[in-house]
Amino acid sequence: MSKKDLKRVTGLGGFFFKSENPDQIKDWYKNHLGIPVDDYGCTFWWKDENGNKCSTQWSPFEAKTDYFKPSQKQFMMNFRVDNLVALLAALKEEGVTIVGEMEEYEYGKFAWVLDPEGNKVELWEPIDAPFL
């Protein structure tokens, strides 16, 4: 597959942000905006152009989390991708900073990159089925 043909981001996989009190902020969003929260935040379900059921996660993290490192920012975006291995190879060739090693779980593959402003961006090749 050429870089030109490589499908990159296919959707928003999640939005994660730091909070001084994640439980309190989840309650606020539940009570005032009607977001149905659980221990992790909220999973929004939608269908892609092929009718596949997909998810986007909204999650507050503890303010002291190390998960966003090396970024010092208050948030981290997660983008859904089709082929993480091929995308990482292309990004590496393009000089993008890759953070750590790719990780694989029953719900997909994950990798992290830094944008030019030092924001850590999570890339996710999802397997939505475990959440259904």
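Here are some worked exercises on the predicted model shown above.

This is a predicted model, so keep the thresholds in mind: local features need pLDDT of at least 70, side-chain atom pairs count only at pLDDT 80 or more, and totals for chains, interfaces and linings use all residues. Residues are numbered from 1 along each chain as its sequence is written, and side-chain values use heavy atoms, with hydrogens and water left out.

**Exercise 1. Find which residues share a network of salt bridges with Lys-7.**

Step 1. Start with the rule: a salt bridge is a side-chain nitrogen of Lys or Arg within 4 Å of a carboxyl oxygen of Asp or Glu. Searching the whole structure turns up five of them.

Step 2. Look at Lys-7 and Glu-49, whose side chains form a salt bridge at 3.6 Å, N to O. Lys-7 sits in the segment before β1 (9-19) and Glu-49 in the loop between β2 (42-47) and β3 (53-62), so this pair ties together parts that are 42 residues apart in sequence. Helices (H or I, at least four residues) and strands (E, at least two) are DSSP runs, numbered from the N terminus.

Step 3. Now go to Asp-82, which also makes a salt bridge with Lys-7, the closest N and O atoms being 3.6 Å apart. Asp-82 is in the loop between β4 (75-81) and α2 (84-93), so here the linked parts are 75 residues apart in sequence.

Step 4. Put it together: Lys-7, Glu-49 and Asp-82 are linked in a network.

Step 5. Check the accessibility, where buried means under 20% relative accessible area, exposed over 50%, and partly exposed in between (1.4 Å probe, protein chains only). Lys-7 is partly exposed at 42%, Asp-82 is partly exposed at 42%, and Glu-49 is exposed at 62%.

**Exercise 2. Work out how the rings of Phe-15 and Phe-75 are arranged.**

Step 1. Rings of Phe, Tyr and Trp (its six-membered ring) pair if their centres lie within 6.5 Å; planes under 30 degrees apart count as stacked, over 60 as edge-to-face and the rest as tilted. The count by this rule is 13 aromatic pairs.

Step 2. For Phe-15 and Phe-75, the centres are 6.2 Å apart with 15° between the planes, and the pair is stacked. Phe-15 belongs to strand β1 and Phe-75 to strand β4, so the pair ties together parts that are 60 residues apart in sequence.

Step 3. Phe-15 is partly exposed at 31%, and Phe-75 is partly exposed at 28%.

Step 4. Try another pair: Tyr-107 and Phe-110 are edge-to-face, 5.8 Å centre to centre and 70° between the planes. Tyr-107 is partly exposed at 29%, whereas Phe-110 is buried at 9%.

Step 5. Zoom out to the aromatic cluster formed by Phe-15, Phe-17, Trp-28, Tyr-29, Trp-58 and Phe-75.

**Exercise 3. Find which element gives the most to the largest nonpolar core.**

Step 1. A nonpolar core is a set of buried Ala, Val, Leu, Ile, Met, Phe, Trp, Tyr and Cys residues joined through side-chain atoms within 4.5 Å. The largest one has 11 residues, among them Leu-6, Val-81, Leu-87, Val-113 and Leu-123.

Step 2. The elements giving two or more residues to this core are α2, β6 (108-114) and β7 (120-126). Top of the list is α2, with five residues.

Step 3. Pick out Leu-87: leaving aside residues up to four places away in sequence, Leu-87 touches Leu-6, Arg-8, Val-81 and Leu-123 (contact means heavy atoms within 4.5 Å).

Step 4. There's also a second, separate core of seven residues, including Phe-16, Phe-68, Val-99 and Trp-124.

**Exercise 4. Trace how β3 pairs with β1 and with β2.**

Step 1. Two strands pair if DSSP finds at least two bridges between them.

Step 2. β1 and β3 run parallel and are joined by six bridges. Along this pairing, Ser-19 has Glu-62 of β3 as its bridge partner.

Step 3. β2 and β3 run antiparallel, again with six bridges. Here Phe-44 has Thr-56 of β3 as its bridge partner.

Step 4. Look at the hairpin of β2 and β3: five residues lie between the strands, and Gly-51 takes a positive phi near 85°.

Step 5. Finish with burial: seven of the 10 residues of β3 are buried, so β3 is largely enclosed by the rest of the structure.
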